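Biologist: I'd like to go through some labels in this structure with you. Can you put it up so we can look together?

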Amino acid sequence: MEVNPPKQEHLLALKVMRLTKPTLFTNIPVTCEEKDLPGDLFNQLMRDDPSTVNGAEILMLGEMLTLPQNFGNIFLGETFSSYISVHNDSNQVVKDILVKADLQTSSQRLNLSASNAAVAELKPDCCIDDVIHHEVKEIGTHILVCAVSYTTQGGEKMYFRKFFKFQVLKPLDVKTKFYNAETDEVFLEAQIQNITTSPMFMEKVSLEPSIMYNVAELNSVNQAGECVTTFGSRTYLQPMDTRQYLYCLKPKKEFAEKAGIIKGVTVIGKLDIVWKTNLGERGRLQTSQLQRMAPGYGDVRLSLEAIPDTVILEEPFHITCKITNCSSERTMDLVLEMCNTNSIHWCGISGRQLGKLHPSSSLCLALTLLSSVQGLQSVSGLRLTDTFLKRTYEYDDVAQVCVVSAATKVGS
């Protein structure tokens, strides 16, 4: 009968431990009223417990730290740190020890070892220690592969490895919405939700704009000359809470003047989010490039460059319009017609020639009008006709203006 030789045990032992900060120890208070059967026994036990806070024994508070009892959760954007130790458990000297640590993700394999050089020898009861760090940038299953190779005194080459599997979870849920203003400004609303089980301190949430835009953050107010955040002094985000951030993007002058550039799908920029959790563990996430579909203005775009907020009833006021040829190929010959409405009356000559407007170019036009009705009135009745194609473009409700009587204006 054939007998298999016993499996040779390795001379070296590999230990891997995740490095993470401790947590505050919390106890579960057990108490009762003095008239109950235990009397003051439970209360006295809590007062004698060294883990409770003096004077607040019945609250789930603690002043002691506890070391992690398990691998714990790892979230996207955090730094994964691990301590790797190879110990010589034998009574002989081991040579040419090489310790290698790789992290296998769903898309790549990363080498995390600080050094790829072999250690010449390792004496009995001695160890080789290494600490690895990696900023987690993918969610899903990760496998830490630790491999050890060495040579025994007899010249035999030995090799073994261990696998440590863990899941990387998503800490934040980020949703974005775009709002297009009447001008070329774009407002971005970012909704950020904490989907972890612990509170977060939001250290920074900023928008890095693309090359075409300048950005202004609208998440603070000026109080007595000091900039104060709208979220208060304690910017904590509790589990499952959501916070909204608002940004205003305006095209840079060199891009805004070229009408054909900001069309279709345009890149806005990306969000940079930095937070801290219990005991200051830091995490950081950057979204992919945010894109929005620019509104379609057709062949000709009419926008208002200047208009008063409040005007006086039956008194002329002035507005400035900007007319843009959004076509990239065709020159237009435009005629402007001004049609009166029930409340808005235009002053000037209707049907005048504006001349030729070349592709991707624009012109500014000063117009005069008056309102015969009080209240919030819409500016309507502008018509542009391209004489080449015999095509008419209608522009109604291009803006609103508040019309008040002269007495109201003087009184205010």
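Biologist: What makes Arg 383 and Asp 396 a salt bridge?

Modeller: First, a word on the source: this is a predicted model, where local features need pLDDT of at least 70 and side-chain atom pairs count only at pLDDT 80 or more, while totals for chains, interfaces and linings use all residues. Residues are numbered from 1 along each chain as its sequence is written, and side-chain values use heavy atoms, with hydrogens and water left out. Now, a salt bridge is a side-chain nitrogen of Lys or Arg within 4 Å of a carboxyl oxygen of Asp or Glu. The closest N and O atoms of Arg 383 and Asp 396 are 3.2 Å apart, so the pair fits the rule.

Biologist: And which parts of the chain does that pair tie together?

Modeller: Arg 383 lies in strand E31 and Asp 396 in the loop between E32 and strand E33 (399-404), so parts 13 residues apart in sequence are tied together. Strands here are DSSP runs (E, at least two residues), numbered from the N terminus. Arg 383 also forms a salt bridge with Glu 394, with closest N and O atoms 4.0 Å apart.

Biologist: Why is Arg 383 called buried, and what is Glu 394 called?

Modeller: Buried means under 20% relative accessible area, exposed over 50%, and partly exposed in between (1.4 Å probe, protein chains only). Arg 383 has 14%, so buried is the word. Glu 394 has 57%, so Glu 394 is exposed. Asp 396, at 38%, counts as partly exposed.

Biologist: How do you know that Asp 272 pairs with Lys 204?

Modeller: Same check: their closest N and O atoms are 3.1 Å apart, and that makes a salt bridge. Asp 272 sits in strand E20 (residues 265-276) and Lys 204 in strand E14 (residues 200-209), 68 residues apart. At 1% relative accessibility Asp 272 is buried, whereas Lys 204, at 36%, is partly exposed.

Biologist: How many salt bridges does the rule give?

Modeller: The count comes to 10. Lys 100, Asp 102 and Arg 109 are linked in a network of them.

Biologist: How do you know that Cys 402 is in no disulfide?

Modeller: A disulfide is a pair of cysteine sulfur atoms within 2.5 Å. For Cys 402, the nearest cysteine sulfur, that of Cys 347, is 19 Å away. The search of the whole structure finds zero disulfides.

Biologist: What makes strands E23 and E25 a pair?

Modeller: Two strands pair if DSSP finds at least two bridges between them. Six bridges join E23 to E25 (residues 317-325), so they qualify, running antiparallel.

Definitions and conventions:
Helix = DSSP H or I, 4+ residues; strand = E, 2+ residues; numbered from the N terminus.
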